[in-house]
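Got the viewer open? Here is a walk through the fold, one selection at a time.

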Amino acid sequence: MKERKIRGAGEGKGRVMKPTMADVAREDGVTKGPVSHVYSGDSTISTRTKARVHAAAEKLGWVPNSNARALAGHRTNAIGLVLHRDPSALVVDTFFPNFISGMQSVLAEQQIMLIMQVVGDRVAEEQAYRSMAHGRADGVVLLDMHLRDWRIGFLQKLKLPAVLM
């Protein structure tokens with residue numbers, strides 16, 4: 001990654017900064033607009049421009065900021081998993097380490113984070129789902145489903161998408 005130095009405030013000492021979208025645009029001789037369009041998947045951008053922008057980004061070691069992309073798309077790029085159980089039970093359970101590892105691997109391929117929260121009671125579980133619904137996650141995975149599970153109606157009221165397993 002090519003790094004640029006920026007002077008500190010009155011100290012004369014520089015700090016190393018990561019390359020930005022503006023740096024990629026400058027390297028390619030375009031404005032930030034085309035760079036943004038290339039990385040948002042805009043189909044109106046020519047193949048030649050895409051190739052140049054990608055080459056400039058690779059040369060500088062720039063990758064799009066996933067937080068900025070999520071913010072622009074009104075997404076968190078995160079899936080929540082709330083486990084209502086004793087944390088010490090997770091250590092001896094043979095299912096959960098493999099399940100969580102597999103889930104994390106699949107999500108990581110899509111650049112989606114897994115946010116896991118272990119809770120001990122229903123009040124904490126409800127609070128965890130509220131937190132997920134208010135900007136921590138795009139949806140949740142529900143495990144240990146029961147007939148007439150209270151969580152389904154609760155998540156519907158929160159308008160939090162869920163996958164039932």
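Start on α8 and select Gln 156 and Lys 157: both are exposed, on one side of the helix. This is a predicted model, by the way. Now swing round to the other side and pick Arg 151, Phe 154 and Leu 155, which are buried. Look down the axis of α8 and you'll see the buried residues fall within an arc of 95°, so they line one face of the helix. What do the buried residues of α8 pack against? Show α7, β5 and β6 (162-164), and you have the partners. Before leaving, click on Lys 159, which follows α8 and has a positive phi, near 60°.

Next, the core. Color the largest nonpolar core, a set of 13 residues. The ones with the most contacts inside it are Val 82, Tyr 129, Met 132, Val 140, Leu 142, Leu 155 and Leu 160. Which elements give two or more residues to this core? They are β3, β4, α7 (122-136), β5 (139-142) and α8 (150-158). The top contributor is α7, with three residues. In another color, add the second, separate core: twelve residues, including Leu 90, Phe 99, Leu 107 and Leu 143.

Go back to Val 82 and show its neighbors. Leaving aside residues up to four places away in sequence, Val 82 touches Gln 117, Val 119, Glu 125, Ala 128, Tyr 129 and Met 132.

Now for two backbone stops. Most residues other than glycine have a negative phi, so exceptions are worth a click. Select Asn 77 in the loop between α4 (66-72) and β3 (78-84); its phi is positive, near 55°. Then jump to Gln 111, in the loop between α6 (95-109) and β4 (113-119). Gln 111 isn't a glycine either, yet has a positive phi of about 60°. Is Gln 111 buried or exposed? Its relative accessible area is 62%, which makes Gln 111 exposed.

Move on to α1 (residues 21-28) and α2 (residues 32-39) and display both axes. The two helices pack at an angle of about 110°, with the axes 8 Å apart, so α1 and α2 are roughly perpendicular to each other. For the contact itself, select Met 21, Ala 22, Val 24 and Ala 25 on the α1 side, then Lys 32, Val 35 and Ser 36 on the α2 side. By class, that contact has five nonpolar residues, one polar and one charged.

Stay with α2 and pick Val 35, Val 38 and Tyr 39, which are buried. Viewed down the axis of α2, its buried residues fall within an arc of 90°, so they line one face of the helix. Just beyond, α2 is followed by Gly 41, with a positive phi near 85°.

Last stop: Val 30, in the loop between α1 and α2. With a relative accessible area of 22%, Val 30 is partly exposed; the cut-off for buried is under 20%. Show its contacts and you'll find Ala 25, Val 35 and Arg 52, again not counting residues up to four places away in sequence. Finally, draw a C-alpha to C-alpha distance from Val 30 to Thr 49: they are 19 residues apart in sequence and 9.5 Å apart in space.

How values were computed: Residues numbered from 1 in each chain as written. Predicted model: local features only at pLDDT ≥ 70, side-chain atom pairs only at ≥ 80, totals over all residues. Heavy atoms only, no water. Axes fitted to C-alpha atoms, helices over the stretch in contact; angles between N-to-C directions. Helix = DSSP H or I, 4+ residues; strand = E, 2+ residues; numbered from the N terminus. Parallel < 35°, antiparallel > 145°, perpendicular 65-115°, else oblique. Contact = heavy atoms within 4.5 Å. Nonpolar A, V, L, I, M, F, W, Y, C, P; charged D, E, K, R; others polar. Buried < 20%, exposed > 50% of the residue type's maximum accessible area, 1.4 Å probe, protein only. Core = buried A, V, L, I, M, F, W, Y, C linked by side-chain atoms within 4.5 Å. Arc of directions from axis to C-beta.
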